[in-house]
Amino acid sequence: MNNVRTQLQQRVKTAIAEKTPLRICAGNSKECYGNKIKTNHDIDIKPYSGIIHYEPTELCITVRAGTRLAELEAELSKHQQILPFEPPSFTQNATIGGTVATGLSGPRRPYSGAVRDAILGVTIIDGQGEIVRFGGQVMKNVAGYDVSRLMTGAQGTLGILLDISLRLIPKPEHNITYQLPHSQQEALEYFTNTRHSNLPITASCHHKLQTYIRLSGSEKQLDELVKTYDIQTMEDGDDFWRDIRDQQHDFFQRNDKPLWRISCAPAAPLTQQVDIRTLLEWNGAIRWITSNMPANIIQNIAQKANGEAILFRGHVAGINTFKKPEPTLFRLHQRLKRQLDPKGIFNPNRLYEGL
Amino acid sequence: METHIKKELENTIDGKLAKSILRSCVHCGFCNATCPTYQLLGDENDGPRGRIYLIKQLFEGDGSESTEKTRLHLDRCLSCRSCETTCPSGVKYGALLDIGRKLAEDLAPRSREEKKKRKRLQTTLSSPKRFGTLLKAGQLLRPLLPKDTRQKIPKKRLALECPTTIHERKMLILQGCVQPALSPDINTATAIVLDKLGISLIHHKKVKCCGAVSQHLSSEDKAITQIKNNIDAWWDDISNGIEAIITTASGCGVMLKDYPHYLREEGEYLYKAEIVASLSKDISEIIIEENYTSLPIKKTHKLSWHSPCTLQHGQKIIGYVEELLTNTGHTLLPIQDGHICCGSAGTYSILQPELSKQLKHNKLENLTRETPDMIVTANIGCQTHLQQGTEIPVVHWINLFI
Amino acid sequence: MHISPETRTSLLFQLSEILQPEQLLSNKEELRPYECDGLSAYKTLPIAVALPDTIQQIQQIMEICCRNNTPVVARGAGTGLSGGAQPHEGGIILGLARFNKILAIDPDNLTARVQPGVRNLAITEAVRQHKLYYAPDPSSQIACSIGGNVAENSGGVHCLKYGLTVHNILALKIVTVEGDLLTIGSNALDNTGYDLLGLFTGSEGMLGIIVEVVVKLTPDAEDTHLLMAAFNDIEQAGNAVASIIANGIIPAGLEMMDKLAISAAEDFAHAGYPRDAEAILLCELDGSTIDVSEQTQKTKKILTEQGASFIKEAPDKTQQAKLWAGRKAAFPAVGRISPDYYCMDGTIPRKHIAKVLKHITKLSTEFDLRVANVFHAGDGNLHPLILYDANKEGELEKAEQFGAEILRLCVKLGGSITGEHGVGNEKIELMCEQFNTEELTIFHAIKAAFDPNGILNPGKAVPSLHRCAELGHMHVHNGELPHPDIPRF
């Protein structure tokens, strides 16, 4: 693997010397998530894969960025552990590098944290073509700035991820899922109430007048809950959550309209609109919308909830995936980018135009 | 903390004491968290850790750095000793402050004006007779005075009939200097309750003030004279095996218990002071040992309990009064920031009116939030101070036992 | 940095135009109490201390200091243990203690918006009525401020399960070095753009001034159980820790204390710790009632298997508070057995606990200094307290060398020189051991993006490349330094 690593580093050094921008890619499963990168130079991370170090008692794994999620999860499963953020695999090719670069988390996110919360350390190729390491394998580490978190969700614009150390959690013995007939408003109220409870909830969703809740824990614990609350469990609960996570659920399968993702405070009030299909996730903190409504209306809905609308999939004229932040904040982004990638070779414009 | 006491003080009693206290401080800053003035002013100089630092300079520096500013920050301290309760390292802040204040006075003497004011206060307050006369005049004129002054003069309270039975069990009582005039009911209530429990009280006319007023007003010599006078007055009874010396104002109580500190340089008196301190008991410490549930309780109330700093931090008496009141059927309301001073703090309310007012305001907000029938406390200073800001009666808890 | 009397006067004049007299301290006597923070071994007098009480004043102060190129050191409660708030001799202290208001509590969204000077524990006290609390609980939580917690990414005894500060804040309002007011993060669970919130957390006042914090609140656990296990052998205690985690149990807190720490803490708190034990573990389990009872049974079994000589259970709040009180006050309580102590903060992978402890004991004999060990054992965060006497010549230096030895070992074993106290001034030279030139260069690049002239807390957290070179840690390639444009002071 050292060979692959050296080759990647060499590619970057050449790109720096020639000032040719690079498009960083691996599984291409999240290609739609971000602006198009105008370059003919792809740098493929896929070959740089495999688990470097895994010690279950330390609740930590170090993997190469090109490792497929499926492969990683299979290994963890052998030791009854999981990634706390339950990342989506939109295709079988999704990699851990792409997951960290996009910062996308799945159904478990509100209950056991996001990708950025689980990141312990990274090794990257930086804007000078150097291989540098930050963080480590311990959860508590405050020496130096938190470069590992800075890389998470940076869409590859600040460097190329090579090795990634992640915090793990024990895999729950059992999961059960139940459904409740709820309007959206009732669902939000239910989410708010359960947030204050000690129920071992690990996923929540609302779609088409049904609230879906997943509980995880020991068999005995779940049995007790089923008895106490007279819960009717769903037969194919695990499949349901996998479909939601990987966007295989019917809701995500219709490609005729753009798919928007609104991220807001979970209890933010709903804005009712005709002609939109909605799916709530994360206790209400994620509101998926498919609609042909003009972008400004969708953005308005997000703004009313004090949140942010992302054009997740589909095309809307004049609209990029992510909305540019306000000028002072954008200037800080530019200054960071210029400092860390002075030649502008890593995924230019992928996150914002002009970055 | 690293400490280098300057040569001329190194071998004095105060210098040695300061050194040992300073060395026990690890500068963690926990004390600031529960310091009333730090909470209000947000300046390190106005919190215990900063004041310890200022005092450290007094003992280490050549004196050129320490001016009236140091004195001001030390003056602003309420001496509530909340910080001592919080301090995990066991720093004896109160004792350090006391010797620090003395040194600050020497290095940056007060103006003549200021000195006069303090002198006046001290002579008036520590003499029950003089204070009583003035108060009576004030109460007579109360309706005619401007509102601000009027609020400072408490309404007249009626004294009750004292019991005359003589029991075998006897205890000494310190009636206090301002208390007999301001709230004569407290001492009589104490006598009545103890009478029912089979204890007689002895009061010596020679004992006037415990010495705290002089101490607060930085005339330590005067305080020492008063303390010695009190010890002399009590000594015969003590030699004859008196059971206890009771205080009903926790401010006096803490002073009595600190007598050994004030007489630290007084040779033979130090020994006597230690005995006085060990016999000294707050009235709650006495009652809790007796069969108090047998006392007839007329009516139960919804109460806000304000524990004076001199009780909870100074004497470290925590939970006694609460237990007494709950066990006799009263309801105690939950109080936020119960550890924070009400701003009375002896003569503080007169010398630092701004800060004192603000603390009183915050305290009353917390005490009256749940609309109690009355506020109960254990120190005449807090009682009078708080009553100035509320219509809800503020009384000594002992009054609920008669 | 030497500053001329003219510059000083001019700066004070400019500051006095926006601050009330009592908000600006400039004479030595009143500056002295600010010369150090919780780490009193290192002291410097600043030019002045500014105590603003509005955000606008902070913005104006930053504008003035930016214009005059005056170093600014932000200070919260001054309880830090790495000298992070130690003044700069040519700069000012920006004291934020007056910002002590809780601005809003949102129980539905489990958040609270607070000013930076609010004490950590005050947040929990304020939200208790909603059956919520703020999870990170550094031992100094009674006094330390939330702004300081963010700057240091503070941990505490419960971060094994509930995370560090970075996992428990949602948004910050910051004032940039130029005086701009900016919001980073939001009340949502997910934000786009660079994770500046993550970058700011633990940045030790080097990137901007924190003026408001939105914290995440956690619902009270239905049930909590605390176990105290005593061991006659410190190595057994270390192994018990690894074994608990290996069995899929994530305790809310998992703490360890050795004999010396036990006795100091016991003197203050009278918690009922067994003074004859070589080590004790405090293991807190929380969650739903069923969950807690299951975990308790499992944990007790593990502790017994690992050789615990005695297990005490504290099922109710009062008993738990008593057992925790000793642990929380353990540091200052050590002040009772030694005039000074030097607190280390390394982290290591859990499996090495026993090994490191043995090594510390060996070093203790070599350096002839006593050590009290207090650990967040669950996450491998060590707090050896090296006892010394600052009044004795050479003892501080000896303690420092001893501490450095311990931290070197931590780095060697794959850990870090600081888990939660920050680098500050104290561990700056050891940064050269944990990071190489290229990595430090990245840190300097980040700093330059936020603070091009380096006026925010200069000399802390990240060593200049020059300093590392002097210490023999810098590797210069072909006589060229990377990023020649970066100031290397």
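Trainee: In which sense do strand 1 and strand 3 of chain B pair?

Mentor: Keep in mind that this is a predicted model. In chain B, Ile173(B) of the pairing has Ile246(B) in strand 3 as its bridge partner, and Leu174(B) stands opposite Thr247(B) in strand 3. Three bridges join strand 1 and strand 3 (residues 245–247) of chain B, and the sense of this pairing is parallel.

Trainee: How many bridges join strand 1 of chain B to strand 2 of chain B?

Mentor: One place to look is Met171(B), whose bridge partner in strand 2 of chain B is Leu201(B). Strand 1 (residues 169–174) and strand 2 (residues 199–202) of chain B run parallel, and the number of bridges joining them is four.

Trainee: Which are the edge strands of the sheet in chain B?

Mentor: Let's start with the order of this open sheet, which is 2-1-3-4, with parallel pairing. Look for strands that pair on one side only: these are strand 2 and strand 4 (280–282) of chain B.

Trainee: By how many degrees are neighbouring strands of this sheet turned against each other on average?

Mentor: Here we are still with the four strands of chain B that form an open sheet. Ignoring direction, the average turn between neighbouring strands is 40°.

Trainee: Which helix of chain B lies across strand 1, strand 3 and strand 4?

Mentor: Two helices are worth finding on your screen. Helix 13 (residues 184–196) of chain B lies across strand 1, strand 2 and strand 3, at about 145° to strand 2 of chain B. The helix you want runs at about 155° to strand 4 of chain B, covers residues 250–257, and is helix 16.

Trainee: On to chain C: which strands stand at the edges of its open sheet, each with a single partner strand?

Mentor: The four strands of this open sheet come in the order 1-2-4-3, and their pairing is mixed. The edge strands have a single partner each, so one side of each is left without a neighbour in the sheet; they are strand 1 (24–25) and strand 3 (72–75) of chain C.

Trainee: Which helix of chain C packs on the sheet?

Mentor: First find strand 2 (residues 48–50) and strand 4 (residues 92–95) of chain C, which run parallel and are joined by three bridges. In that pairing Ala48(C) has Ile92(C) in strand 4 as its bridge partner. The helix touches strand 2, strand 3 and strand 4 of chain C, its direction makes about 165° with that of strand 4, and it is helix 3 (residues 55–68).

Trainee: Which chains share the most contacts?

Mentor: We can set one pair aside, as chain A and chain B do not touch, with their nearest C-alpha atoms 21 Å apart. In one of the touching pairs, 86 residues of chain C are in contact with 69 residues of chain A. Of the two pairs of chains in contact, the one with the most contacts is chains A and C.

Trainee: How much area do chain C and chain A bury between them?

Mentor: The size of an interface is often given as the accessible area lost when the parts come together. Of the area buried here, 59% is on carbon and sulfur atoms, and the total is about 6,600 Å².

Trainee: Which helix of chain C supplies the largest share of the side that touches chain A?

Mentor: Across this interface there are 30 residue pairs in polar contact. Several elements of chain C each supply at least two residues, including helix 8 (234–246), helix 10 (289–305) and helix 16 (437–450). The largest share is 10 residues, and it comes from helix 16.

Trainee: How many salt bridges are there across the interface of chain C and chain A?

Mentor: Arg331(A) and Asp180(C) give us one, at 3.8 Å from N to O. The total for this interface is seven.

Trainee: And how many salt bridges are there between chain B and chain C?

Mentor: This contact takes 37 residues from chain B and 41 residues from chain C. Glu44(B) forms a salt bridge with Arg75(C), with the closest N and O atoms 2.7 Å apart. The full count between chain B and chain C is five.

Trainee: Which residues of chain B lose the most area to chain C?

Mentor: Chain B and chain C bury about 3,100 Å² between them, with 49% of it on carbon and sulfur atoms. Three residues together make up 19% of what the chain B side buries: Arg23(B), Phe30(B) and Tyr53(B).

Terms used: Residues numbered from 1 in each chain as written. Chains lettered and ligands numbered in written order. Predicted model: local features only at pLDDT ≥ 70, side-chain atom pairs only at ≥ 80, totals over all residues. Heavy atoms only, no water. Contact = heavy atoms within 4.5 Å. Buried area = accessible area lost by both parts, 1.4 Å probe. Salt bridge = Lys/Arg side-chain N within 4 Å of Asp/Glu carboxyl O. Polar contact = N/O pair within 3.5 Å; in protein donor to acceptor, adjacent residues only side chain to side chain. Pairing = 2+ DSSP bridges. Axes fitted to C-alpha atoms, helices over the stretch in contact; angles between N-to-C directions.
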